[in-house]
Amino acid sequence: MSVHPTAIVDASATLAAGVEVGPWCTVGPSVELGEGVRLVSHVVVQQDTTVGAGTVIHPFAVVGGDPQHNGYRGEPVRLEIGENNLIREHCTFNRGTPQGAGVTRVGSNNLFMTGAHIGHDCVVGDNVVMANNATLGGHAQVGDKVFLGGLCAVHQNGRVGQGAIIGGLAAVTRDVIPYGSAWGNHARLRGLNLIGLKRKGYDKDQIRRLLAAYRELFEGEGEFAGRIDGVANRYADLPEIVEIVTFIREGGRRPLCLPNAE
C-alpha cells in the first residue's frame, strides 16, 4: 500500500493490499478501496463508496459525490463500483438517494472516458464504454457491453439494453432495445448494432435471422403489440430476440425508442 504524503485519507477508510493513493487525493469516510486500486492524483472519493480491485481512477475525477437531487438531506446512501474499471479525468459518479434504491451500482471491466457522468441510483453493467462526456440521468439503467457515444445523454429513468450502441450527441429520451443502434436528436432506433454483433463473433446466418426478426418487429404490418407476440413465437429459439421482447414487455407503458420516433 502506498499513500502519498499530500493525500488525505479518512481514518474510517479501508485500503486493501497494493492500493496506491497518489498526490493530492482525498479518500473520505466509509470508503473501501479494493486490492490494487490506483488513484493517480487529485482524485476525490468522497464517502460511502466501494471501489473494486484493480480499478484505476485518473486526475480530477470525483466518485461517491452527493446525489444531485433537491430532496437529498444527507441521508446514508452509497456508490458501489466493481473491479478493473478505468475511470478517466473529470468523471463524476454520484451516490444513490433515499427516494431511489439508496445506491448507485457500476459493474466491472468498464471504460469511462473523460467527463463521463453517472447520476444517482443508476445501474451500469459490465464491459460498458462511456465515451467523452456521455451522461446518465438519475435512475438510468445500462446493460452489459453497451457503447455510449461522446456527448450523448440518457434521460433519467431511461433504459439501454445489453449490447446496444448509442451515437454521439444523441438525446436518448426513450428506452433502447438490447442490441439496438440509436442515434440522433432526439435519438431514433436505426437498426441493430451490427458492428458490435460481428465483433462478438456472430456469424452471417445468426445476424441474418436477427435482422429478419428486427424487421418483422419494427417494420412489419399490423399493431405493434401483435407483432411482438408473433416475433416472440417465431423466434423463440433466438435468445437475443427473447431478450428484446422481454425488455419491451418489462417496460410496460414506458416510451420505447422506435425507428419513427423523433
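**A buried threonine and an enclosed cavity**

The side chain of Thr-97 places a polar atom 3.0 Å from the backbone nitrogen of Gly-100. This distance, like every value here, comes from a predicted model. A good way to get to know Thr-97 is to find its place along the chain: the residue sits in the loop that runs between strand E14 (92-94) and strand E15 (103-106). Is Thr-97 buried or exposed? Its relative accessibility is 1%, and because buried means under 20%, Thr-97 counts as buried.

The surroundings of Thr-97 fill in the picture. Its side chain also makes a polar contact, at 2.6 Å, with the side chain of Asp-121. Asp-121 appears again among the residues in contact with Thr-97 once neighbours within four places in sequence are set aside. That list also includes Pro-67, Val-77 and Gly-102, together with three histidines, His-69, His-120 and His-139.

Attention now turns to empty space inside the model. How many cavities of 30 Å³ or more does the count give? The count comes to one, and the volume of the largest cavity is about 40 Å³. Two elements each give two or more residues to its lining, namely helix H2 (204-219) and helix H4 (239-251). Helix H2 supplies the largest share, with four residues. The lining residues are Ala-213, Tyr-214, Leu-217, Phe-218, Val-231, Ile-241, Ile-244 and Val-245. What is the character of this lining, in terms of nonpolar, polar and charged residues? Eight of the residues are nonpolar, while none is polar and none is charged.

Conventions. Residues are numbered from 1 along each chain as its sequence is written. This is a predicted model: local features need pLDDT of at least 70, side-chain atom pairs count only at pLDDT 80 or more; totals for chains, interfaces and linings use all residues. Side-chain values use heavy atoms; hydrogens and water are left out. On a 1 Å grid over the protein atoms alone, a cavity is a set of points where a 1.4 Å probe fits but cannot get out, and a pocket is an open set with protein on both sides within 12 Å along at least five of seven lines; lining residues have an atom within 4 Å of a point. Grid points are joined across faces, edges and corners, and a volume is the space filled by probe spheres set on the points. Ala, Val, Leu, Ile, Met, Phe, Trp, Tyr, Cys and Pro count as nonpolar, Asp, Glu, Lys and Arg as charged, and the others, Gly among them, as polar. Buried means under 20% relative accessible area, exposed over 50%, partly exposed in between (1.4 Å probe, protein chains only). A polar contact is a pair of N or O atoms within 3.5 Å; within protein, one must be able to donate a hydrogen and the other to accept it, and residues adjacent in sequence count only if both atoms are side-chain atoms. Contact means heavy atoms within 4.5 Å.
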